[in-house]
Amino acid sequence: MVQPRRIDGARSFARGGAGSLVAIGNFDGVHAGHRAVLARATETARDKGLALVVLTFHPHPSEVLGRGGLPVLTPLERKVELLCRLSPELQVVVEPFTMELAGTSPREFAEELLARDLGARVVVVGQNFRFGKSRAGELHMLEELGKGLGFEARAEALAGDEGGTFSSSRIRACIAEGDLDEARRLLGRPHALSGVVVRGDGRGRTIGVPTANLDGVVEALPPHGVYACLVDRLDAGRGATRLATGVANIGNRPTFAAGFSVEVHLHDFDADLYGARLRVHLVSRLRPEMKFSGVEELVTRIRADIESARHATAREVPDPGALGAWS
């Protein structure tokens, strides 16, 4: 029987006889630092004949504990998708983070979740990993618990460069500053926004530039402005399908005081997308948000934006690992 790649809850994990290597983390963005850690974990798991397991928690613990959440780089489904691309044998265990789990002692966490449910023989964590009630557990405690429970615990440092450690917070800062090139370098792909197409005010179609308005975008947003982009359609059970290149507008649409929106015009595409879920990969920033004197000036600038976006995306090619999507 083929094991599912995503497993909801550690108790649903089918333990193998040899045990597993468990890499624990949030892995938001599945960026260059995460990929380096998981490449080493993959080698270790293969050398030792262990199942390769990534353990992540959802919702993020900070949300459940009332500390507020940061905008994400990759929603859960996208994160699982990107993790599974890294290795054909990797499985992702998504453990529901609840107040009950937050209240478990470090020993219970290690004994029940890691040793009993996941059959851990090696546990890989970040250098600042904390676990158990009130975050009382740290690496040394995990190492000591592991000795009695049959697993080795080790901390892995994230890779970095002259700009610092590769981290999700560093990438969020790049996006907030509008530095999409640097964010792309660290992520290994363009930063993307995703949402469901809903009906807007219809103004785009009346001026000859129809747009798809996205609702429910949870990813980190760049500064308001106009962006060249690549657009995929997401279908449950089928994955992502490449649609077109395009131009996205993020902001308050000040010319008409129309309020905040994330909307995208797809080049050479004219099909009904209402209700569809799209993923919009932001390639480059074309200009900041601007207020125009009226419809004529706005349309003139939109036409120029469309040509600029065509030029900016002309050399973009789909990622072979995306299986028919852009990235």
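This report describes the overall build of one predicted chain and then a few of its residues. As a predicted model, it has local features reported only at pLDDT of at least 70 and side-chain atom pairs only at pLDDT 80 or more, while totals for chains, interfaces and linings use all residues. Residues are numbered from 1 along each chain as its sequence is written, and side-chain values use heavy atoms, without hydrogens and water.

**The chain as a whole**

The chain contains 10 helices and 14 strands; these are DSSP runs numbered from the N terminus, with helices (H or I) of at least four residues and strands (E) of at least two. Its radius of gyration is 22 Å, close to the 20 Å that the globule rule gives for 327 residues, so the chain is as compact as a globular protein of that length. The radius is taken over C-alpha atoms, and the rule is 2.2 Å times the number of residues to the power 0.38. The C-alpha trace spans about 75 × 40 × 40 Å along its principal axes.

Of the 327 residues, 48% are buried (buried means under 20% relative accessible area, exposed over 50%, partly exposed in between, with a 1.4 Å probe and protein chains only). Among contacts (heavy atoms within 4.5 Å) with a separation of 6 or more, 74% link residues 24 or more positions apart.

Positive and negative side chains number 41 each, and the centres of the two sets lie 1 Å apart. Lys and Arg count as positive, Asp and Glu as negative, while His and the chain ends are not counted. Each charge is placed at NZ of Lys, CZ of Arg, CG of Asp or CD of Glu.

**Asp 305**

Asp 305 is part of helix H10, which covers residues 295-313. Its relative accessibility is 6%, so Asp 305 counts as buried. Beyond its neighbours within four places in sequence, Asp 305 contacts Val 226, Val 247, Leu 286 and Arg 287.

**Backbone features**

His 58 and Pro 59 are joined by a cis peptide bond, with omega about -5°. Pro 59 sits in the loop between strand E3 (51-58) and helix H2 (61-64).

Two residues that are not glycine have a positive phi, as tabulated here.

| Residue | Phi | Place | Relative accessible area |
|---|---|---|---|
| Val 30 | about 40° | loop between strand E2 (20-24) and helix H1 (32-48) | 2%, buried |
| Leu 323 | about 55° | segment after H10 | 74%, exposed |

Val 30 is thus buried, whereas Leu 323 is exposed.
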